[in-house]
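Hi,

Here's the structure I promised to pass on. Have a look at it first, then read my notes on the aromatic rings below.

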Amino acid sequence: MRLPMKQKNNTAVVDDELATPLLRRAVDLGINYFDTAWFYGNGDSQRAVGAALNPVRDKVYISTKLPLFLIEKSQDFDEYLKRSLEQMDLEYLDFNYFHSVSYRFWKEKILPLKLLDRAEEAKSKGLIRHLSFSFHGESDRMKELIDTGAFSSILGQYNLVDRRNEELFAYAKAQGVGTAVMGPLMGGCLTDGGEILLKRIGTDLYSAAETGLRFAWSLPSVDIVLSGMSTLEQLEENVSYAKRADSIPQEERQALLDKEQALNDLNDLYCTNCQYCYVCPESIRPARIFQLYLWHQVWGLSDSARDKLVNRGPLDKWTEPTACTECGACAARCPQKIDIPSELKRVWPVLRQLRDSCLYNRV
């Protein structure tokens, strides 16, 4: 999801010159599980991941996801699987996820369209080796899916701020289902204000990134912690943290839990910058606006937020939320169930005031 991007023919695409060395270096450092999806990298991630990892295919596990938002009929499973394999130039997937499963998708799409049958048929043909599902929220309802015995693994959120899935991960593990964590750093929210975070929780023992990752690794029922890395520096740092993951003492984890109150401000707007909301016909980019709001309002990084509001680069173009027609397309895609049109109305006046204070000062 976080691969480096560039502008090409007025479209954001993965920057292969940066992404390929990044992915190859990850393999050299011992990372062997790579997670992509249909929507990542403005729709270009699958191609980039496949191109980079094909030469080392025997060393890695590759997972991608069926875009349930786009599934309308049973045959769509086969079509999107075929297109994913073609984009990545692969003969098979190690893991194929039902993407962002909600209980509604389970009842209204997966079951009535018999998508489990389609998946089993694909497995019998050797096109996928493991069937999995990712989810956001409704963890108490996900047990029904685990109990089908159809899934090899699950992928859910877990971090210092959001611990809702602790019991579900433990349940899945007890049933022999693999567990993977996404969003251990809240899509960068925990590291955007890293120094401030460390002061709030009263530690300078580790960086904010290492603190967040170590916390996720410390949950006994977790098998894999995914981390989106955009640079070689981030990759090298995270691998160095992973090498020490087994040394996390339980008292360290409890000390972080005791600081839960210090993190409550982040619940003011729980956006993980996944960018699924980038479907606005008016070209509004809610996740970017929410990120700048958090920089300003939660972390006090007002100068940085103001600069990004005034000086936008070629990959950071968006329309102001005053153009919102409240069509609801963005909210329908949001995994965090944010009422995006309402939140834009709430946060934009704050950011507009911040931006205008800079413009007035220039005059």
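W318 has a relative accessibility of 7%, so this residue counts as buried, since the cut-off is under 20%. W348 is buried too, because its relative accessibility is 2%. Keep in mind that this is a predicted model.

So what do these two tryptophans do with each other? They form an aromatic pair of the edge-to-face kind, with 5.9 Å from centre to centre and 85° between the planes. Where do they sit? W318 is in the loop between α15 (302-310) and α16 (329-333), while W348 belongs to helix α17 (residues 340-362), so the pair ties together parts that are 30 residues apart in sequence.

That pair has company: searching the whole structure turns up twelve aromatic pairs. Another one is F133 with F135, where the ring centres are 5.9 Å apart and the planes meet at 50°, so this pair counts as tilted. Both F133 and F135 are buried. They also belong to an aromatic cluster, together with F77, F98 and F151.

Rings can have charged neighbours as well, and there are two spots worth zooming in on:

- R285 has its charged end over the ring of Y278, 5.0 Å from the ring's centre.
- R333 lies over the face of F69, with 4.9 Å to the ring centre.

If you'd like a place to start, pull up W318 and W348 and look at their edge-to-face arrangement. After that, try picking out the cluster of F77, F98, F133, F135 and F151.

Cheers

Terms used
Residues numbered from 1 in each chain as written. Predicted model: local features only at pLDDT ≥ 70, side-chain atom pairs only at ≥ 80, totals over all residues. Heavy atoms only, no water. Phe/Tyr/Trp six-rings, centres within 6.5 Å; stacked < 30°, edge-to-face > 60°. Buried < 20%, exposed > 50% of the residue type's maximum accessible area, 1.4 Å probe, protein only. Helix = DSSP H or I, 4+ residues; strand = E, 2+ residues; numbered from the N terminus. Lys NZ or Arg CZ within 6 Å of the ring centre and 35° of its normal.
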